Amino acid sequence: QKPILLQGHERSITQIKYNREGDLLFTVAKDPVSAAGPARVPSPGENRHNGAGVHQSWDTRHVLTGSADNSCRLWDCETGKQLALVKTSSAVRTCGFDFGGNIIMFSTDKQMGYQCFVSFFDLRDPSQIENNEPYMKIPCSDSKITSAVWGPLGEFIIAGHESGELNQFSAKVREQLSNIKEHTKQINDIQTSRDMTMFITASKDNTAKLFDCTTLEHLKTFRTERPVNSAALSPIFDHVVLGGGQEAMDVTTTSTRIGKFEARFFHLAFEEEFGRVKGHFGPINSVAFHPDGKSYSSGGEDGYVRIHYFDPQYFEFEFEA
């Protein structure tokens, strides 16, 4: 089946996310526009700052964006109106809501003489935003955070670092709960399973790895010949999709075949690759399964988002297997 091709950005996509119901797809890019829309139709929810990360509340009322313009912003999803602005000393790399939609976290880069921090704000206390005073701020002096997600029950966040380390940071008290290092290079993306028991990481060391959310136990490894920029877990099958490619600065010197810009599918249990999907003219920077598992989307360095619906044979094969 031909994919739905979305062109809402002029520069490379940095992250894509579905909301809980799957009727909206949020995209952020290196251009000054972040958009949310059903399929091809852009919504009024566009904002004018370069997006590095995006996350929506569980009821899709609010959207949180982090940017290289040294800010984290809260938006009304329906109207696109900016509700809050938190200014930072360096670029915001990651951001996210807890499950109740009351607490937000974001991490800032280690740059311009400033160290990396994870900040937590409680939206039920407006003074925290107004005074730019988070209820908790945790420094990360060794290596900056490059990806982060909330863990089960919102008690901690799971953070991946430029060094390849993984941490659990408590959202209640100012401490690091655990630390492991299974990757040898930067962790580009972290995504959890639907039931929040597992998460998958994507790394520049050419692998994606599966972990237990609570213990950080390493469970599986999916190997490729190129940097992995993003990885996602199917909500209905034991399948994994990986997206990546060579470094963007080297793309113009090679063909799309050599650059390996396909989305690659692996079996979760057997760690074996069983399919590839071509289409992007540059590295894939973000992948996401639709919540119903019947399609997936990919956002690339070429500025396009491609929505692929699986053929009926995909489901017949899995059920037979």
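**Strands, a small cavity and aromatic contacts in a predicted model**

Strands β7 and β8 pair in the antiparallel sense, with five bridges between them. The model is a predicted one, and this pairing is a convenient place to enter it. Within the pair, tryptophan 75 stands opposite glutamine 82 of β8. The two strands form a hairpin with five residues between them, and in its turn glycine 80 has a positive phi of about 80°.

On its other pairing, β7 meets β6: the two run antiparallel and are joined by six bridges. Here histidine 62 stands opposite aspartate 76 of β7. This hairpin has three residues between its strands, and asparagine 70 takes a positive phi near 65° in it. Strand β6 spans residues 62-67, and six of its six residues are buried, so the strand is largely enclosed by the rest of the structure. His62, Leu64 and Gly66 point one way from β6, while Val63, Thr65 and Ser67 point the other way. Residues on both sides of the strand are buried.

These strands lead naturally to the internal space of the model. Two cavities of 30 Å³ or more are present in the structure. The second largest cavity holds about 40 Å³ of space, and its lining consists of Leu64, Cys72, Arg73, Leu74, Ala84, Leu85, Val86, Ile104, Leu123 and Ile129. Two elements, β7 (71-76) and β8 (82-87), give two or more residues each to this lining. Leu64, one of the lining residues, also belongs to the group on β6 that points the same way as His62 and Gly66. By residue class, the lining of this cavity divides into nine nonpolar, no polar and one charged.

Aromatic contacts form the next part of the picture. A pair of aromatic rings is described by the distance of the centres and the angle of the planes. Across the whole structure, eleven aromatic pairs are found. In one of them, phenylalanine 106 and phenylalanine 121 are stacked, at 5.7 Å centre to centre and with 15° between the planes. This pair links distant parts of the chain, with phenylalanine 106 in strand β10 (residues 103-108) and phenylalanine 121 in strand β11 (residues 116-122), 15 residues apart. Phenylalanine 106 and phenylalanine 121 are both buried.

A second pair has another geometry. The ring centres of phenylalanine 289 and phenylalanine 310 are 6.3 Å apart and the planes meet at 40°, so this pair counts as tilted, the class for planes that are neither under 30 degrees nor over 60 degrees apart. The pair again links distant parts of the chain: phenylalanine 289 belongs to strand β25 (residues 284-289), and phenylalanine 310 to the loop between β27 (305-309) and α3 (312-320). The separation along the chain is 21 residues. Phenylalanine 289 and phenylalanine 310 are both buried, and both belong to one aromatic cluster, which is formed by Phe265, Phe274, Phe289, Tyr296 and Phe310. A contact between a charge and a ring is found as well, where lysine 137 lies over the face of phenylalanine 117, at 4.6 Å from the ring centre.

Several loop residues complete the description. Serine 90 is found in the loop between β8 and β9 (92-97). Its relative accessibility is 1%, so serine 90 counts as buried. Between the C-alpha atoms of serine 90 and serine 107 the separation is 9.5 Å, with the two residues 17 residues apart along the chain.

Two further loop residues carry a positive phi without being glycine. Asparagine 132, with a positive phi of about 55°, is found in the loop between α1 (126-130) and β12 (136-140). Because its relative accessibility is 35%, asparagine 132 counts as partly exposed. Methionine 196, where phi is near 65°, has its place in the loop between β17 (187-192) and β18 (198-203). Methionine 196 is buried, with a relative accessible area of 14%, which lies under the 20% cut-off for that class. Along the chain, methionine 196 and glycine 151 are 45 residues apart, while their C-alpha atoms are separated by 7.1 Å.

Technical notes
Residues are numbered from 1 along each chain as its sequence is written. This is a predicted model: local features need pLDDT of at least 70, side-chain atom pairs count only at pLDDT 80 or more; totals for chains, interfaces and linings use all residues. Side-chain values use heavy atoms; hydrogens and water are left out. On a 1 Å grid over the protein atoms alone, a cavity is a set of points where a 1.4 Å probe fits but cannot get out, and a pocket is an open set with protein on both sides within 12 Å along at least five of seven lines; lining residues have an atom within 4 Å of a point. Grid points are joined across faces, edges and corners, and a volume is the space filled by probe spheres set on the points. Helices (H or I, at least four residues) and strands (E, at least two) are DSSP runs, numbered from the N terminus. Ala, Val, Leu, Ile, Met, Phe, Trp, Tyr, Cys and Pro count as nonpolar, Asp, Glu, Lys and Arg as charged, and the others, Gly among them, as polar. Two strands pair if DSSP finds at least two bridges between them. Rings of Phe, Tyr and Trp (its six-membered ring) pair if their centres lie within 6.5 Å; planes under 30 degrees apart count as stacked, over 60 as edge-to-face and the rest as tilted. Buried means under 20% relative accessible area, exposed over 50%, partly exposed in between (1.4 Å probe, protein chains only). A charge sits over a ring if NZ of Lys or CZ of Arg is within 6 Å of the ring centre and within 35 degrees of the ring normal.
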